[in-house]
Amino acid sequence: MRAPCRTRARSLPVAALALLLAGCGSSQDTLQGHSRQSKAIAHLFWVMFVGAWIVFGFVLALLVIAFLRRRRRGAPPEETSRGAYALILGGGLLAPALTLSALFGLTISTIHTTQAPAAGSTQLTIEVTGHQWFWDVRYPGTKAATANEIHIPVNTRVVVVATTKDVIHSFWVPELDRKIDMIPGRTNTVLLDADRVGVYRGQCAEFCGLQHAHMGFLVYVDPPDVFRRWLANMAKPARPPAAGGAGAGARTFVSEPCSGCHTIRGTAADGKVGPDLTHLASRETLAADTIPNREEYLAGWIRDPQHVKPGNRMPAVDLSATQVQDVVAYLESLK
Ligand code: CUA
């Protein structure tokens with residue numbers, strides 16, 4: 001009867017370790033920075049982490065020495081020697097003051113390194129607005145608008161101007177920089193300056209309601225020419241639908257409630273509640289990095305969005321199976 005209990009007890013540390021390690025090695029690893037800013041943050045972490053262990057080890061060693069001495073010699077005499085005073089003043093006052101001052105200096109310098117310059121003062125500024133639960137992304141000076149997937153050129157200082165349309169969210173790309181809160185009625189800025197081409201995951205870092213955990217996004221760091229082509233395409237209006245299913249889908253989209261919430265530039269759909277869908281097919285994911293952008297997932301999302309992401313603001317629209325199929329064909333043609 002006791003065997004299962006023992007097995008469970010033995011598997012507990014394994015489970016705890018698995019949970020602990022689950023935070024490592026993903027595409028949002030704060031210790032694997034790909035920008036000067038995130039490397040500075042990781043450096044500050046390691047200095048504090050290693051420093052804390054050195055201090056802990058030193059204090060522990062003093063305790064052990066004191067314990068052993070007391071066992072060998074019994075209680076110390078009443079009057080305290082000058083050496084003991086020096087130890088108390090040095091270890092209890094001087095050493096902490098010096099250590100904390102050094103850490104304070106390093107922290108201030110890290111804050112300085114990660115400070116975003118003013119919007120508009122660098123090569124590129126992007127406006128990101130948090131919504132329950134997606135990210136609206138605009139490129140000022142162009143007509144480009146997208147959602148949940150941000151493209152930036154590599155080795156370029158990009159200022160993200162962050163705000164919110166509803167509650168407080170927090171914009172965080174752990175491998176690129178610190179996080180920044182999105183506060184109603186205010187704008188905050190954060191700098192993205194990636195030194196390597198790749199895809200970096202971001203996550204809302206402030207609890208913002210039921211689907212906070214499903215408020216992710218992707219930052220694509222592109223070579224400059226790839227970025228320019230992407231941005232030029234994003235700024236264009238949607239391509240006209242092909243004949244057949246996609247054409248019928250376009251008409252359904254505009255005549256049904258879909259167009260009341262979503263914008264497809266170049267069509268009569270100009271809703272502002274949900275994400276801009278002008279180039280939806282160029283995105284890799286749907287519903288803020290919750291499901292892949294593939295036909296079967298998009299169809300499932302349109303049929304029953306509350307099943308995929310309970311509490312989100314998209315209602316299930318009463319469409320026939322053919323209508324759903326046509327709308328999916330249309331949306332997946334919007335490259
Ligand atoms: Cu938005 Cu949490």
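**Note on the predicted model**

1. T252 is found in helix α5. The model is a predicted one, and this residue is a convenient place to start reading it. T252 is buried because its relative accessible area is 9%, where buried means under 20%. Leaving aside residues up to four places away in sequence, T252 touches L319, Q323 and V327.

2. The rest of the helix gives the setting for T252. Helix α5 runs over residues 245-255, and its buried residues are A246, G247, A248, G249, A250, T252 and F253. The cover over these buried residues includes α6 (258-261) and α9. Helix α9 itself spans residues 321-331.

3. P315 is placed in the loop that joins α8 (305-308) to α9 (321-331). With a relative accessibility of 49%, P315 counts as partly exposed, because the exposed class begins over 50%. For a sense of distance across the model, take P315 and T99: they are 216 residues apart along the chain, and their C-alpha atoms are separated by 56 Å.

4. Now to the chain as a whole. The protein chain contains nine helices and twelve strands. Its radius of gyration is 27 Å, whereas a compact globule of 335 residues would have one near 20 Å. The C-alpha trace spans about 95 × 65 × 35 Å along the principal axes of the chain.

5. Burial and contacts can be put beside those dimensions. Of the 335 residues in the protein chain, 40% count as buried. Among contacts with a separation of 6 or more, 65% are made by residues 24 or more positions apart.

6. On the surface and the charges: the accessible surface of the protein chain is about 19,100 Å², and carbon and sulfur atoms hold 63% of that area. There are 34 positive and 26 negative side chains in the protein chain. The centres of the two charge sets lie 10 Å apart.

7. N188 is found in strand β8, which covers residues 188-192. What is the relative accessibility of N188, and is the residue buried or exposed? The value is 17%, so N188 counts as buried. The side chain of N188 makes a polar contact, at 3.4 Å, with the side chain of R186. Not counting residues up to four places away in sequence, N188 touches V160, V161, A162, I180, D181 and I183. Of these, V160, V161 and A162 fall within the range given for β5 (158-164).

8. V167 sits in the loop between β5 (158-164) and β6 (169-172). This residue counts as partly exposed because its relative accessibility is 32%, which lies between the 20% and 50% limits. V167 touches Q132, M182, P184 and C208, again without residues up to four places away in sequence. The C-alpha atoms of V167 and G120 are separated by 26 Å, with the two positions 47 residues apart along the chain numbering.

9. Q132, one of the residues touched by V167, also takes part in a peptide bond to check by eye. The bond from Q132 to W133 is cis, and its omega is near -5 degrees. W133 is found in the loop between β1 (124-131) and β2 (134-138).

10. Two residues deserve a look for their backbone angles. N148 has a phi near 65 degrees, which is a positive value in a residue other than glycine. N148 lies in the loop between β3 (145-147) and β4 (149-153). At 5% relative accessibility, N148 counts as buried.

11. The second is A287, which is not a glycine but has a positive phi of about 55 degrees. A287 lies in the loop between β11 (285-286) and β12 (291-292). With a relative accessible area of 15%, A287 is buried, because that value is under the 20% limit.

How values were computed
Residues are numbered from 1 along each chain as its sequence is written. This is a predicted model: local features need pLDDT of at least 70, side-chain atom pairs count only at pLDDT 80 or more; totals for chains, interfaces and linings use all residues. Side-chain values use heavy atoms; hydrogens and water are left out. Helices (H or I, at least four residues) and strands (E, at least two) are DSSP runs, numbered from the N terminus. The radius of gyration is taken over C-alpha atoms; the globule rule is 2.2 Å times the number of residues to the power 0.38. Buried means under 20% relative accessible area, exposed over 50%, partly exposed in between (1.4 Å probe, protein chains only). Contact means heavy atoms within 4.5 Å. Accessible areas come from the Shrake-Rupley method with a 1.4 Å probe; for residues, only the protein chains shown count as cover. Lys and Arg count as positive and Asp and Glu as negative; His and the chain ends are not counted. The place of a charge is taken as NZ of Lys, CZ of Arg, CG of Asp or CD of Glu. A polar contact is a pair of N or O atoms within 3.5 Å; within protein, one must be able to donate a hydrogen and the other to accept it, and residues adjacent in sequence count only if both atoms are side-chain atoms.
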